[in-house]
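Me: Hi! I've got a model open and would like to talk it through with you. Could you take a look?

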Amino acid sequence: MDVGGTLAKIVYFQPNSTTVPIVKRKSSESLAQLSSPDHQAALEQLYTYVDKSSSAAQSSLIRDDGLTIYSDYLHGSLNFLHFETRNMVAAINHLSAASVTDHIKTVGCTGGGAHKYSSIIHDELDITLDKYDELGCLVQGMMFALLNFPDECYTYRNCDDPVSSDNEANDAKANPSDLPSSESTSDVASAGEQKETPSQQKKEDDIPVAVKRWQKDSKEYTKKVTISLPTVQSTLPYLVVNIGSGVSILKISGPGKYERVSGTSLGGGTYWGLCRLLTKCKTFDEVLDLAENGDAGTVDMLVKDIYGGDYGNMLSGSMVASSFGKLVMKENPLENVRVEDLALAMLMMITNNIGQIAHLCAQLHQCSKIFFVGSFLRHNPISCRRLAFAIDFWSAGSMEALFLQHEGYFGALGTFLYSAFGEETERIMAETQQQQEKAKKTKISSPEKTEKKRPTDLPGMEVETLNPAELDGTSDTGLSLWLVVDSGTDGSFQVHGSKLPKTTC
């Protein structure tokens, strides 16, 4: 478990069969003993209770079925659940009355709740909480997911950008439903605007790219792109921005090497707390649904509200000058303001603040990749799209925001790993990484046989890209690998992915 200030997250492991030991290694007593009668009884009781509770109407226990994943390394499935921490005492009392924890003696736990609720859980349920370091569990859980969960990492990129990803085949994974609406979460120009004349277009072409970024009206990227593991592993150091009730910012320098470099008290708890005051929403998902249909322009003071338009070539008139500032200009602050507008304005205020702090930290610590994780981003594509744009925008394209599918569960996942493997967790992580690297080398040295095609027969960009770090000619296979992309019917081609001289090719 990972018990935070707002949400309690649970990860539980379900093996292929409760009659066979899962991992046959002496160091993993927790997993190896799953075949014992006590463990089998506890598992059966747990699975039955969880399935019944999470499927019940109006249950406070939410099961993220879409995140359940099978682990080849563990030979079983990892399941993910959560509930609001304010229901913790009620949950403990319910478990005590239902007698579903009779066979459970210890539970791994991290987060502040591991300390706050330790006594009551022991007194009411006779369960001892094994406490683990919160940030250490976060880092380990995140790395395990990156190494073992397919398509875990993704980002959003500009749908109009012709050069947008390290693997163009991933463009097919863009979700059309993520495209913004001019009436909701984006500030795109209206359809009634006149098209640019050739002279205007020529003038536009003369404007530097950095200035164009400040003139863009659309404040989010909408093309979802999956990022490959080699791209992630080759970007050390990088930042991890964990957005929970508050925000912690970590610098990751290598395996097991991390430090907390900054943070802010304005996080997911801030947003949900304000929304509970200003809306009638009962759940976090409800308020995010409201925000999807909001127009923050009715609440936020924009540059054009001050200047009457753009501020020269520096600031677009549609940029926010003051969050909630427009309400100061009205006799009746709530006149023509919908609850949807409030939900979106608050979401953008929190998101932009987190993004700017993260960008400044990345500048200070010379990191080009920023991972945004935490339950605040769960079912929250609005913030993800905005952060993707903002980091690219503020850094003039030198940094990138990255996101992970299991964003809020890494603390609980890391706790599970420490519970299962104890002091061997670090070795297990290294072993997992070595297996991934071995599989990657095997794939490179033993490519699948395919029918040879003339360059002019190659279909567009539908090719596999490789990490440039792998193309340095030092492979133990003695091969120098290149990606060749056909660029015309005349047989000409472009070579991508390596700094080696073309004579090598």
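Reply: Happy to; we can start with the overall make-up and then go through the details. Keep in mind that this is a predicted model.

Me: Great. How many helices and strands does the protein chain have?
Reply: There are 16 helices and 18 strands in the protein chain.

Me: And what share of the residues is buried?
Reply: Of the 505 residues in the protein chain, 44% are buried. The accessible surface comes to about 26,100 Å², and carbon and sulfur atoms account for 52% of that surface.

Me: What about contacts between parts far apart in sequence? What percentage comes from residues 24 or more positions apart?
Reply: Among contacts in the protein chain with a separation of 6 or more, 69% are between residues 24 or more positions apart.

Me: OK, on to the inside. How many residues are in the largest nonpolar core?
Reply: The largest nonpolar core has 51 residues. Those with the most contacts inside it are Val 241, Tyr 271, Val 287, Ile 370, Phe 372 and Phe 403.

Me: Which element gives the largest share of this core?
Reply: That's helix H13, residues 339-365, with 12 residues in the core.

Me: Let me zoom in on Ile 370. What is Ile 370 in contact with?
Reply: Leaving aside neighbours within four places in sequence, the contacts of Ile 370 include Leu 239, Val 241, Ala 358, His 359 and Ala 362. Ile 391, Met 399, Glu 400, Ala 401 and Leu 402 are also in contact with Ile 370.

Me: Which residues does the second core include?
Reply: The second core is separate and has 39 residues, among them Leu 138, Leu 146, Val 240 and Val 373.

Me: Switching topic: how many disulfides are there?
Reply: The structure holds 0 disulfides. Take Cys 137: the nearest cysteine sulfur belongs to Cys 109 and is 9.3 Å away. For Cys 367, the nearest cysteine sulfur is that of Cys 361, at 9.2 Å.

Me: Is Cys 137 buried or exposed?
Reply: Cys 137 counts as buried, because its relative accessibility is 0%. Cys 367 is buried too, with a relative accessible area of 3%.

Me: Thr 415 caught my eye around there. Where does Thr 415 lie?
Reply: Thr 415 is in helix H15, residues 410-421. Its relative accessible area is 1%, so Thr 415 is buried. Apart from neighbours within four places in sequence, Thr 415 is in contact with Met 1, Gly 108, Cys 109, Thr 110, Tyr 132 and Cys 137.

Me: Nice, both of those cysteines turn up again. Now salt bridges: how many does the count come to?
Reply: The count comes to 9 salt bridges. One of them joins Asp 64 to Arg 378, with the closest N and O atoms 3.3 Å apart.

Me: Why does that pair tie together distant parts of the sequence?
Reply: Asp 64 sits in the loop between strand E3 (62-63) and E4, while Arg 378 sits in the loop between strand E15 (369-373) and helix H14 (381-394), so the bridge ties together parts that are 314 residues apart in sequence. Asp 64 and Arg 378 are both buried.

Me: Which other residue does Arg 378 meet in a salt bridge?
Reply: Asp 285, with 3.3 Å from N to O. Asp 285 is in helix H11 (residues 284-292), so this pair ties together parts 93 residues apart in sequence. At 9% relative accessibility Arg 378 counts as buried, whereas Asp 285, at 27%, counts as partly exposed. Through shared partners, Asp 64, Asp 285 and Arg 378 are joined into one network.

Me: And what does Asp 65 pair with?
Reply: Asp 65 forms a salt bridge with Arg 63, where the closest N and O atoms are 3.2 Å apart. Asp 65 is exposed at 54% relative accessibility, but Arg 63 is buried at 18%.

Me: Now Tyr 70. Which strand is Tyr 70 found in?
Reply: Strand E4, residues 69-71. Tyr 70 is partly exposed, with 37% relative accessibility. Its C-alpha is 8.4 Å from that of Phe 149, and the two residues are 79 apart in sequence.

Me: Last one: which residues form the nonpolar patch on the surface?
Reply: Ile 306, Tyr 307, Tyr 311 and Met 314 do, with about 440 Å² of accessible area together. Tyr 307 belongs to helix H12, residues 303-307.

Note on methods
Residues numbered from 1 in each chain as written. Predicted model: local features only at pLDDT ≥ 70, side-chain atom pairs only at ≥ 80, totals over all residues. Heavy atoms only, no water. Patch = residues over 30% accessible without salt bridge, like charges linked within 9 Å, V, L, I, M, F, W, Y side chains within 5 Å. Areas by Shrake-Rupley, 256 points an atom, 1.4 Å probe, with all protein chains shown as cover. Salt bridge = Lys/Arg side-chain N within 4 Å of Asp/Glu carboxyl O. Helix = DSSP H or I, 4+ residues; strand = E, 2+ residues; numbered from the N terminus. Disulfide = S-S within 2.5 Å. Buried < 20%, exposed > 50% of the residue type's maximum accessible area, 1.4 Å probe, protein only. Contact = heavy atoms within 4.5 Å. Core = buried A, V, L, I, M, F, W, Y, C linked by side-chain atoms within 4.5 Å.
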